[in-house]
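Here is a short set of exercises to work through with the sequence and the model side by side. Try each task yourself before you read its solution.

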Amino acid sequence: MNNDGDGAIRRLGAVLGIWAHPDDETYLSAGVMASVARSGAPVACVTATRGEQGSLDPERWPPSRLAEIRTAELDAALEILGVSQHHWLDLPDGGCASVPARGVVARLADLIAEHRPDTILTFGPDGMTGHPDHRAVSEWVTAAVAASARPPRVLHATTTPQWRDELLADLEGLDVFAPGTPATTPSEELALHLELTGDVLDLKLSALRAQPSQTAVLREAVGEERYRRQLATEMFRAADATGRPRD
């Protein structure tokens, strides 16, 4: 695991991931979480919704059971990654932007005070993919951090233009991302850039395989080799005190 490697992981300290849906945390930060857990630093995760609207194959994963299915899948994935502390906010999938912010921000502020993270991993204001739930989570985190007595460092998930172009070429013909997404950051502006290899990458892939309702369709479409290559990079950029990406 490099480019930043073990030194970058140590500098993260205690980590709290705050995401919208089950599988966000694994796709975007499984390597970080597993590495932090291995280093002995605390790592915890918050998930806003149970992802009940996210069935990619209703015959295999019926929408009526999807919240239950994805709950169990995320439990399994986090166990693989060595993350034992997890919190659900139990907000409506697809409806986060309509939830009154005050109560959610207060809950997140309480969780930040409880876990005392040095680093928060989450979405930037663009939500990376533009998803309204992702963008709402970013706004809540920004407000909760601003209200914290001991504000942690905030890192926003991102990609580079080169990585995005390579990914979209792999996914040609598949309706995975909205036009103009995922969001990108020039490589020289990244605060954290991990190239996952060996058993850390294997752990990430195992955690994703534990969430087949969200991963099986894509794996089957692109093949295991391309899927593995797509997931070997995790990238984040720093946010300023307001939660906006730094220039």
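**Exercise 1.** Is Lys 204 buried or exposed? Work this out in the predicted model, then describe the surroundings of the residue.

*Solution.* Start with the secondary structure: Lys 204 belongs to helix α7, which covers residues 198–209. Next, check the accessible area. Lys 204 has a relative accessible area of 0%, so it is buried. Then look for neighbours, leaving aside residues up to four places away in sequence: Lys 204 touches nine such residues if you count along the list Thr 26, Tyr 27, Ala 30, Gly 31, Leu 81, Leu 196, Leu 231, Thr 233 and Glu 234. Finally, look for a polar partner. A polar atom of the Lys 204 side chain lies 3.1 Å from the backbone oxygen of Leu 231.

**Exercise 2.** Which loops hold Asp 23 and Met 128, and what is the sign of phi in each residue?

*Solution.* Take Asp 23 to begin with. Asp 23 sits in the loop that links β2 (15–19) to α2 (24–39). The phi angle of Asp 23 is positive, about 100°, although the residue is not a glycine. With a relative accessible area of 9%, Asp 23 falls under the 20% cut-off and is therefore buried.

Now turn to Met 128. Met 128 is placed in the loop between β5 (119–122) and α5 (132–146). Phi of Met 128 is near 65°, again a positive value in a residue other than glycine. The relative accessibility of Met 128 is 7%, so this residue counts as buried too.

**Exercise 3.** How many residues of strand β4 are buried, and how does β4 pair with β3?

*Solution.* First, find β4 at residues 85–91. Five of its seven residues are buried, so the strand is largely enclosed by the rest of the structure. Second, follow the pairing: β4 and strand β3 (residues 43–49) run in the parallel sense and share five bridges. One bridge to look up in the viewer joins Ala 44 to Gln 85 in β4. Third, trace the connection. Together with helix α3 (residues 66–81), β3 and β4 make a right-handed β-α-β unit. While you look at the strands, keep one general point in mind: side chains in a regular strand alternate between the two faces of the sheet.

**Exercise 4.** Why is there no bond between the sulfurs of Cys 45 and Cys 96?

*Solution.* Begin with the distance. The cysteine sulfur closest to that of Cys 45 is in Cys 96, and because the two are 14 Å apart, they are too far for a bond. Cys 96 is likewise in no disulfide. The disulfide count comes to zero. Then check burial: Cys 45 is buried at a relative accessible area of 0%, and Cys 96 counts as buried at 1%.

**Exercise 5.** What radius of gyration does the protein have, and what would a compact globule have?

*Solution.* For 247 residues, a compact globule would have a radius of gyration near 18 Å; the protein has 17 Å, which agrees. Add the outline: the C-alpha atoms fill a box of roughly 45 × 40 × 35 Å along the principal axes. Inside that outline you can find nine helices and eight strands. Of the 247 residues, 53% count as buried. To finish, consider contacts between residues at least 6 apart in sequence: 80% of these join residues at least 24 apart.

Notes
Residues are numbered from 1 along each chain as its sequence is written. This is a predicted model: local features need pLDDT of at least 70, side-chain atom pairs count only at pLDDT 80 or more; totals for chains, interfaces and linings use all residues. Side-chain values use heavy atoms; hydrogens and water are left out. Helices (H or I, at least four residues) and strands (E, at least two) are DSSP runs, numbered from the N terminus. Buried means under 20% relative accessible area, exposed over 50%, partly exposed in between (1.4 Å probe, protein chains only). A polar contact is a pair of N or O atoms within 3.5 Å; within protein, one must be able to donate a hydrogen and the other to accept it, and residues adjacent in sequence count only if both atoms are side-chain atoms. Contact means heavy atoms within 4.5 Å. Two strands pair if DSSP finds at least two bridges between them. A crossover is right-handed if, with the strands pointing away from the viewer, the path from the first strand over the helix to the second runs clockwise. A disulfide is a pair of cysteine sulfur atoms within 2.5 Å. The radius of gyration is taken over C-alpha atoms; the globule rule is 2.2 Å times the number of residues to the power 0.38.
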